[in-house]
There are 2 protein chains.
Amino acid sequence: MKKVTINSVASYAGVSKKTVSRVLNNEPNVSDATREKVLKVFKELDYTPNPIARGLAQNRSFIIGCLYDNPSKSYITRVQTGALAACHELNYNLLIHPCELRGEELISNIEHLIQTSRLDGIVLTPPFSDFPELVSFLKSKKIPYARVASAVLEDDSISVRSNDEQGAFEITEHLIKLGHKEIAFIKGHPDHSATEQRFKGYRRALASNGIEFDERLVEEGNFSYHSGVDSARTILDLNPRPTAVFASNDYMAAAVLKLATQMQLRVPDDISIAGFDNAPIARHIWPGLTTIAQPVEEMTQQAVKQLITHISDPQESPYQVTLEAKLITRESTAAIK
Amino acid sequence: MKKVTINSVASYAGVSKKTVSRVLNNEPNVSDATREKVLKVFKELDYTPNPIARGLAQNRSFIIGCLYDNPSKSYITRVQTGALAACHELNYNLLIHPCELRGEELISNIEHLIQTSRLDGIVLTPPFSDFPELVSFLKSKKIPYARVASAVLEDDSISVRSNDEQGAFEITEHLIKLGHKEIAFIKGHPDHSATEQRFKGYRRALASNGIEFDERLVEEGNFSYHSGVDSARTILDLNPRPTAVFASNDYMAAAVLKLATQMQLRVPDDISIAGFDNAPIARHIWPGLTTIAQPVEEMTQQAVKQLITHISDPQESPYQVTLEAKLITRESTAAIK
DNA sequence: CTGAAAGCGCTTACAG
DNA sequence: CTGAAAGCGCTTACAG
């Protein structure tokens, strides 16, 4: 079977390859008759343009890189799902790039990635969305980028986020309305801007309900299950013990639940537990975790879609969107007795 | 800043571009002096060859596709980690392709993928590793492929698996040695060859220990948490109730644990529970799940590495390897009282 | 509205 | 051991 290229199509249709190219790219200046003729030959010969040849001529790869470093596999999968959806829609490919590096090593790693893979653009997910050195490096290299779930908004970039601060506010207020006043809080990883945002929402809810903030109720976690265990140990040993715990993500909340169960505490009767993210584990344990759901796929899809649009037409104006987070109540929180 | 290409390097080094190409590809027939001179210019000019131009000339994309459809995010992430490691090592890129299609739709979807993305090869992960129609389609199209965790071994393909049957045998025997005789079993998804393998191991362990197989103790699951809940409901209502449950993966085992807890059963005092896969959830719940760990990253890495090697040099002989699975005991299983 | 020429950055096949 | 020419399958810039 002979390979079918733009040349076969051109000769078969009896036109020049430039004309075929015009039809391919939906360019104007082709008569309807010619266009249809060519389109028909596409089908007959089952022609698909070679993206590599296209890439060489246009100096682009049709590849978007997706950068992440997240302990939550489900979060990563959701990010990929959204990014992939946008890529498929716009005939791009997605290159995943998990990366644990920081600082200078991170920069040189990304530089190498860009140089070897010739990415057309890069989508930054937490915690990278808010790394100033990385963002300014990409700017200096003129690599288009989009940021997902970033806390910092700049004027000239593509950024799609959801409202972490508001989500944390709502879940804290949910606990307060159930009668809780001593609500412990477990922070996330300091690299993630969400950590600060969620803490702010917690404090704002306390403040707006006239509850004094108590530093002793706050523990430093890092989003991992393991850090949740450590924080839980301290919190559950507190005297008096808080009546509720709000962990900055579901893994840490699950850790609190595990430790509470081991200590013979009944959840939610003896203590209420809330998480954040609506990870699968939130409904895979018993009792199910009250948590906050964010539209991760939607955020990433919008970000990547906008990024590709920007690559194809750099005139596009900046795109900054904030999507809503949603409170999901399950069995792990209840009214105080 | 001017782009640095093979031409800039050639003129800067005072050689022809063919010579530069030879150095680039580590070909013979270049004098050591010339080679070093060129290598030096590479560094000075910070030159990296353009993979797209290379791809066009060689009619290859340097892209491997990774096909999967798995409810377990952690499994997918592990697959990706292994595949990525092999790709990085051999200067390939990885294209992820989650896909829920089956039958004809699957074939045409993959055909489209291959045609538009010009993959050089494809790595099949469960359940696709054992889809005969897909495998023969790839063969007919002469697309190199490798299979991960396949049960069926063919003579002429690349296949890296771990021993599911043996793993299931060992965990069942572990339960038997703890004194259990009535051990319920929850099957996985029928599309996955592991489902049959694990069931076989379970039956072999019963047989080799003189325990009669009881069909009423077997439930059909599909690897999802939800299916585990359904199966658990039936099993835990059995009279007499089995003293142990072996679920074909950890999600379903976690579901059994949840339901048992809701029914006020103590695990492992009242009932032992075992899973398979050593997914994160196995250690994120209390009690932790006794399970079987497979070297998923290692399997995938070997498969992809071998695949790329085969692409570069189709003379390579078939590569079939079986890696060991390992029993991990946690708190969810104990001796019968 | 259409096309001939040149070029993208490499490699292949050949000649010396 | 080295290189000039042609080509991979497209697009760009230009001419008509």
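This short talk covers the surface near DNA strand D and one helix pair in chain B.

The model is predicted, so local features need pLDDT of at least 70 and side-chain atom pairs count only at pLDDT 80 or more, while totals for chains, interfaces and linings use all residues. Residues are numbered from 1 along each chain as its sequence is written, chains are lettered from A and ligands numbered from 1 in the order in which they are written, and side-chain values use heavy atoms, with hydrogens and water left out.

First, the DNA. Strand D is surrounded by 25 residues, where near means a heavy atom within 4 Å. Among the closest are A:Lys18 and B:Arg22. By class, this surface has nine nonpolar, ten polar and six charged residues. Nonpolar here is Ala, Val, Leu, Ile, Met, Phe, Trp, Tyr, Cys and Pro; charged is Asp, Glu, Lys and Arg; the others, including Gly, are polar. The largest share comes from α4(A), with four residues; helices are DSSP runs (H or I, at least four residues), numbered from the N terminus.

Now individual atom pairs. A side-chain N or O atom of B:Arg22 sits 2.6 Å from a base nitrogen of strand D. For B:Thr19, a side-chain N or O atom is 2.7 Å from a phosphate oxygen. At A:Asn50 a backbone N or O atom lies 3.1 Å from a phosphate oxygen.

Last, the helix pair. In chain B, α10 (residues 225-236) and α11 (residues 250-262) pack at about 50°, axes 7 Å apart; axes are lines fitted to C-alpha atoms over the stretch in contact, and angles run from 0 to 180 degrees between N-to-C directions. That makes α10(B) oblique to α11(B), a label for angles that are not under 35 degrees, over 145 or 65 to 115.

Notes: A polar contact is a pair of N or O atoms within 3.5 Å; within protein, one must be able to donate a hydrogen and the other to accept it, and residues adjacent in sequence count only if both atoms are side-chain atoms. Helices (H or I, at least four residues) and strands (E, at least two) are DSSP runs, numbered from the N terminus.
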